[in-house]
Amino acid sequence: MNRALIVVDVQRDFCEGGALAVPGGAAVAGEINRMLSGDHGYDMVVATRDHHVDPGGHFSDSPDFKDSWPPHCVAGTSGAEQHPGLAFAEWDAVFLKGRDAAAYSGFEGTDERTGELLGDFLRKHGVTEVDVCGIAADYCVDATARDAAAAGFGTTVLTDLTAAVHPESLTDLMAEWVDAGLWVREAME
Ligand SMILES: [Zn+2]
């Protein structure tokens with residue numbers, strides 16, 4: 001059994017000061033960095049990144065913050081970069097998503113070096129269990145974790161290593177994850 005950590009979208013634009021700042025994003029970046037700086041025990045550590053060029057209605061000048069958003073994580077801009085609070089750089093792979101679509105799920109992402117899909121990469125490396133953390137809990141972490149479970153990976157969301165766009169939704173969301181067969185725990189417990 002190999003266990004992977006999937007770090008979702010810890011990018012400048014999703015943290016304080018960014019184009020689509022999620023409250024607590026920078027703190028989450030620091031906490032994930034702290035975990036990865038120690039003996040974390042994962043067989044593989046991968047990242048996903050929003051990487052938009054022309055994602056259509058995902059961007060809006062009058063966003064509703066549910067289905068449309070201010071422009072963010074545009075490919076090649078500083079906002080698309082990994083947040084500096086997450087200094088970790090030894091990724092086994094980084095998966096870019098959303099060039100021409102919303103792409104909330106990391107499983108829509110492809111390896112920036114090889115073009116391989118995240119699910120194929122994990123299976124190739126014998127991964128059966130994944131832990132998911134990052135930003136935002138109620139969008140890209142949610143979609144990535146649900147897709148991981150649907151793809152047959154034993155899936156755990158590390159709730160203390162996430163930040164939510166709508167924090168008030170988190171209690172209901174955690175119940176939904178459990179109902180969907182996901183595990184929910186805190187990394188630091
Ligand atoms: Zn996006």
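Mentor: Before we look at the metal site, one definition: four donors count as tetrahedral if all angles lie between 85 and 135 degrees, as square planar if opposite donors are over 155 degrees apart and all others between 65 and 115, and anything else is irregular. Keep in mind that this is a predicted model.

Trainee: OK. Which residues coordinate the zinc ion?

Mentor: Asp50 through OD, and His52, His58 and His72 through NE2. The distances are 2.1 to 2.2 Å.

Trainee: And what is the geometry of the site?

Mentor: Irregular. The angles among the 4 donor atoms run from 88 to 169 degrees, so the site fails the tetrahedral rule, where all angles must lie between 85 and 135 degrees.

Trainee: What spacing do the donors follow along the chain?

Mentor: D-x1-H-x5-H-x13-H. His52 and His72 are 20 residues apart, a pair that links distant parts of the chain. Both sit in the loop between S2 and strand S3 (93-97).

Trainee: Is His52 buried or exposed?

Mentor: Buried, with a relative accessible area of 0%. His72 also counts as buried, at 1% relative accessibility.

Trainee: Switching topic. How many disulfides does the structure hold?

Mentor: The count is 0. Take Cys15: the nearest cysteine sulfur belongs to Cys73 and is 9.2 Å away. Cys15 is buried, at 0% relative accessible area.

Trainee: Why is there no bond between Cys140 and Cys73?

Mentor: Because their sulfurs are 8.8 Å apart, which is too far for a bond. The cut-off for a disulfide is 2.5 Å. For Cys140, Cys73 holds the closest cysteine sulfur. Cys140 is buried as well, with a relative accessible area of 6%.

Trainee: What about empty space inside? How many cavities of 30 Å³ or more does a search find?

Mentor: There are 2 in the whole structure. The largest has a volume of about 130 Å³, and 16 residues line it.

Trainee: Which of those lie nearest its centre?

Mentor: Phe14, Leu20, Ala136, Tyr139 and Cys140. That is the Cys140 we just discussed, the buried one. By class, the lining of the largest cavity has 12 nonpolar, 2 polar and 2 charged residues.

Trainee: And the second largest cavity, what lines that?

Mentor: Val7, Asp9, Val10, Ala47, Thr48, Arg49, Gln82, Leu86 and Trp91. The space in this second largest cavity is about 40 Å³.

Trainee: Which strand gives the most to that lining?

Mentor: Strand S2, residues 44-50, with 3 residues.

Trainee: What's the split by class there?

Mentor: The lining of the second largest cavity has 5 nonpolar, 2 polar and 2 charged residues.

Technical notes: Residues are numbered from 1 along each chain as its sequence is written. This is a predicted model: local features need pLDDT of at least 70, side-chain atom pairs count only at pLDDT 80 or more; totals for chains, interfaces and linings use all residues. Side-chain values use heavy atoms; hydrogens and water are left out. Buried means under 20% relative accessible area, exposed over 50%, partly exposed in between (1.4 Å probe, protein chains only). On a 1 Å grid over the protein atoms alone, a cavity is a set of points where a 1.4 Å probe fits but cannot get out, and a pocket is an open set with protein on both sides within 12 Å along at least five of seven lines; lining residues have an atom within 4 Å of a point. Grid points are joined across faces, edges and corners, and a volume is the space filled by probe spheres set on the points. Ala, Val, Leu, Ile, Met, Phe, Trp, Tyr, Cys and Pro count as nonpolar, Asp, Glu, Lys and Arg as charged, and the others, Gly among them, as polar. Helices (H or I, at least four residues) and strands (E, at least two) are DSSP runs, numbered from the N terminus. Donors are N, O and S atoms within 2.8 Å of the metal (3.2 Å for Na, K and Ca); water is not among the atoms, so sites may look incomplete. Four donors count as tetrahedral if all angles lie between 85 and 135 degrees; four count as square planar and six as octahedral if opposite donors are over 155 degrees apart and all others between 65 and 115; anything else is irregular.
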